[in-house]
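Reader: I should like a careful look at a single part, the largest pocket, and at how its surroundings are built. Please take me through it in one connected account.

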Amino acid sequence: MVETLSVLAALGTGVTAGVLFAVALSVLPALFAMEPRTYVEAHRLLGRNWDPVMPLIVLTSTGLNVALAVLRTGTARELYIVTSVLLLGVSTVSHLCNVPINRRVKAVATDGALPSDWEDPRPLWRRWHMLRTGLALAALVVGSGATALH
């Protein structure tokens, strides 16, 4: 059972880190290159499928790492605890920082020009995204270390 949980935890943590890294490496530069109106439209399209899926992947991966922390002892337990905390950080940054920005972008009317008081959220969104990407990559490294102890 521990082996199966380890594989699933590593898979979920790897998908989380991989998706966030890909967004940082490729999607963000593309979004920054767009005119604001085009960015708003692209943001809506990009989030359509990820918004419901990513929280499930991150929280499931967190739960699997918590379960492994309970089932393991010694250094492996400590590493799974750290991995869980890092993934919880990814979820917290996403929920409290990126998601509210996403909602504001999606609330912009799709017809006509952007409101005169519209502030471009891309720089702030990128800062929060880079934080959660770093947390996810750290979780992948630490969780891999825990898995290697099996």
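**The largest pocket and its surroundings**

Author: Buried residues make up 39% of the 150 residues in the protein, and this figure, like every other value here, belongs to a predicted model. The protein has four helices and zero strands, so that, by the definition of these elements, its order from the N terminus reads α-α-α-α. Along its principal axes the C-alpha trace spans about 60 × 20 × 20 Å.

The pocket itself comes next. The volume of the largest pocket is about 700 Å³, and the elements that each give two or more residues to its lining are helix 1, helix 2, helix 3 and helix 4. Its lining consists of 31 residues, and those that lie nearest the centre are W50, D51, N102, W125 and R132. Helix 2, which covers residues 36-71, gives the most to this lining, with ten residues. Sorted by class, the residues that line the largest pocket comprise 18 nonpolar, seven polar and six charged ones.

One of the residues nearest the centre of the pocket, D51, also takes part in a salt bridge, in which its side chain meets that of K106 at 2.1 Å, N to O. This pair links distant parts of the chain, since D51 belongs to helix 2 and K106 to helix 3, with their positions 55 residues apart in the numbering. D51 has a relative accessible area of 32% and therefore counts as partly exposed, a class that lies between under 20% for buried and over 50% for exposed. K106, at 34%, is likewise partly exposed.

The structure holds three salt bridges, and the other two can be set beside the one at D51. In helix 2, the side chains of E41 and R37 meet at 3.7 Å, N to O, and the two residues are four apart, about one turn of the helix. Their accessibilities fall in separate classes: E41 is partly exposed because its relative accessible area is 38%, whereas R37 is counted as buried because its value is 18%. The remaining bridge joins the side chains of D120 and R122 at 2.6 Å, N to O. Here D120 is partly exposed, with a relative accessible area of 35%, while R122 is buried, at 6%.

For the pocket it is also useful to have the enclosed space in view. The structure holds one cavity of 30 Å³ or more, and the largest cavity has a volume of about 50 Å³. Residues that line this cavity include A9, T13, N65, Y80, T83, L140 and T147. Helix 1 (2-33), helix 3 (74-106) and helix 4 (122-148) each supply at least two residues of that lining, and helix 4 provides the largest share, with four. By class, the lining of the cavity has four nonpolar, six polar and no charged residues, whereas the lining of the largest pocket includes six charged residues.

Finally, helix 2 also reaches the outer surface. V70, found in this helix, is exposed because its relative accessible area is 58%, and V70 forms a nonpolar surface patch of about 400 Å² together with M1, V66 and L71.

Notes:
Residues are numbered from 1 along each chain as its sequence is written. This is a predicted model: local features need pLDDT of at least 70, side-chain atom pairs count only at pLDDT 80 or more; totals for chains, interfaces and linings use all residues. Side-chain values use heavy atoms; hydrogens and water are left out. Patches are made of residues with over 30% relative accessible area and no salt bridge: like charges are joined within 9 Å, nonpolar side chains (Val, Leu, Ile, Met, Phe, Trp, Tyr) within 5 Å. Accessible areas come from the Shrake-Rupley method with a 1.4 Å probe; for residues, only the protein chains shown count as cover. A salt bridge is a side-chain nitrogen of Lys or Arg within 4 Å of a carboxyl oxygen of Asp or Glu. Buried means under 20% relative accessible area, exposed over 50%, partly exposed in between (1.4 Å probe, protein chains only). On a 1 Å grid over the protein atoms alone, a cavity is a set of points where a 1.4 Å probe fits but cannot get out, and a pocket is an open set with protein on both sides within 12 Å along at least five of seven lines; lining residues have an atom within 4 Å of a point. Grid points are joined across faces, edges and corners, and a volume is the space filled by probe spheres set on the points. Ala, Val, Leu, Ile, Met, Phe, Trp, Tyr, Cys and Pro count as nonpolar, Asp, Glu, Lys and Arg as charged, and the others, Gly among them, as polar.
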